[in-house]
Amino acid sequence: MESNKKDLNCNNINADTNTDININNSEDMSNEYNFFAVISRMKYINRWALMRNSREENLSEHSLEVAMIAHVLCVIANKRYGHDLNADRAALIGLYHDSSEIITGDMPTPVKYYNPDIQDAYKQIESIAEYKLLEKLPKDLRPDFEDILKGSGTAEDRLMRRLVKAADKLSAYIKCIEEEKAGNTEFATAKKTIEASINKLKKELPEVNDFVKEFLPAYGKTLDELT
C-alpha cells in the first residue's frame, strides 16, 4: 500500500508539472516571432529562375558563399591594405544580404537593371521588404538587425558593404564557371557581363584583384586537381 501511495504522489507531481508546461507554452504563444522561420525559407528560393541550370542554386547556398568571400575580402583589406574592417561582421552581412528576396522573390538581373526608374523602384521595394522582416523581431532586437541590413553609414561600413557586393558578383561568376564546366552554354552571356563588372571592380578594389588572381582559378579545377 505504501508503494502505491508513493506512485500516486509521483503521478500527481507529474500531472502538476505537465500542467505548468502547458500553461507556459500558451503564454509563449503570444510572444512568438516569425523572423528566423521566414529567413529559413531562403532555401526554397532558387536563383537564375529564367536560365536553364545544370544544377539549381538556392538563396541559402548563394548567401553562404557570399558570406565566405566577403569575409576573406575584408581579411585581405586588413592584412594587405591597411584597413580595420570587421571581417566577421562582413560575413554576417553577406548571410543576410539577399534576405529581402524572401518577400520580393529573385528578380532577374536584366529586369532589375533595365533602366534607372526600375532600378530605383526595386530598391524601394527591397527597403520595404527589409522593414517587413524587421517587424518580425522583438522590438529590443530590431536595432541590431537593422544595423546589419541597413548599415551605419561610416566610411569603413561603406567599404565593407562594397566588398560584400563584390563578393555577390564573384559568387555569380563562380556559378557561371560551374555551369560552363558542366557543359551548359546557357550562362555564356551572363559570364561575359559579370566578368566585365569584376574587371572594373579589380581596378577599384585591390582586394577583389587579389581574390581573382589567387583563388578564382581553382574553381575551374576537378576534385582530383583540388586535392
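Q: Which residues of H10 are called buried, and what does the word stand for here?
A: They are Ala190, Lys191, Ile194, Ile198 and Leu201; buried means under 20% relative accessible area, exposed over 50%, and partly exposed in between (1.4 Å probe, protein chains only). These buried residues cover an arc of only 90° around the axis, which puts them on the same side of H10; the arc is that of the directions from the helix axis to the C-beta atoms. This is a predicted model, with local features needing pLDDT of at least 70, side-chain atom pairs pLDDT 80 or more, and totals for chains, interfaces and linings using all residues. Residues count from 1 along each chain as its sequence is written, and side-chain values use heavy atoms, without hydrogens and water.

Q: How do you know that the length of helix H10 agrees with its residue count?
A: Helices are DSSP runs (H or I, at least four residues), numbered from the N terminus, as strands are (E, at least two). The expected span is 1.5 Å times one less than the number of residues. For the 17 residues of H10 (residues 188-204) that gives 24 Å, and the end C-alpha atoms are 25 Å apart, so the two agree.

Q: What makes lysine 175 and glutamate 179 a salt bridge?
A: The rule asks for a side-chain nitrogen of Lys or Arg within 4 Å of a carboxyl oxygen of Asp or Glu. Here the closest N and O atoms are 2.7 Å apart, so the pair qualifies.

Q: Why is lysine 175 classed as buried or exposed?
A: Its relative accessible area is 3%, so lysine 175 is buried.
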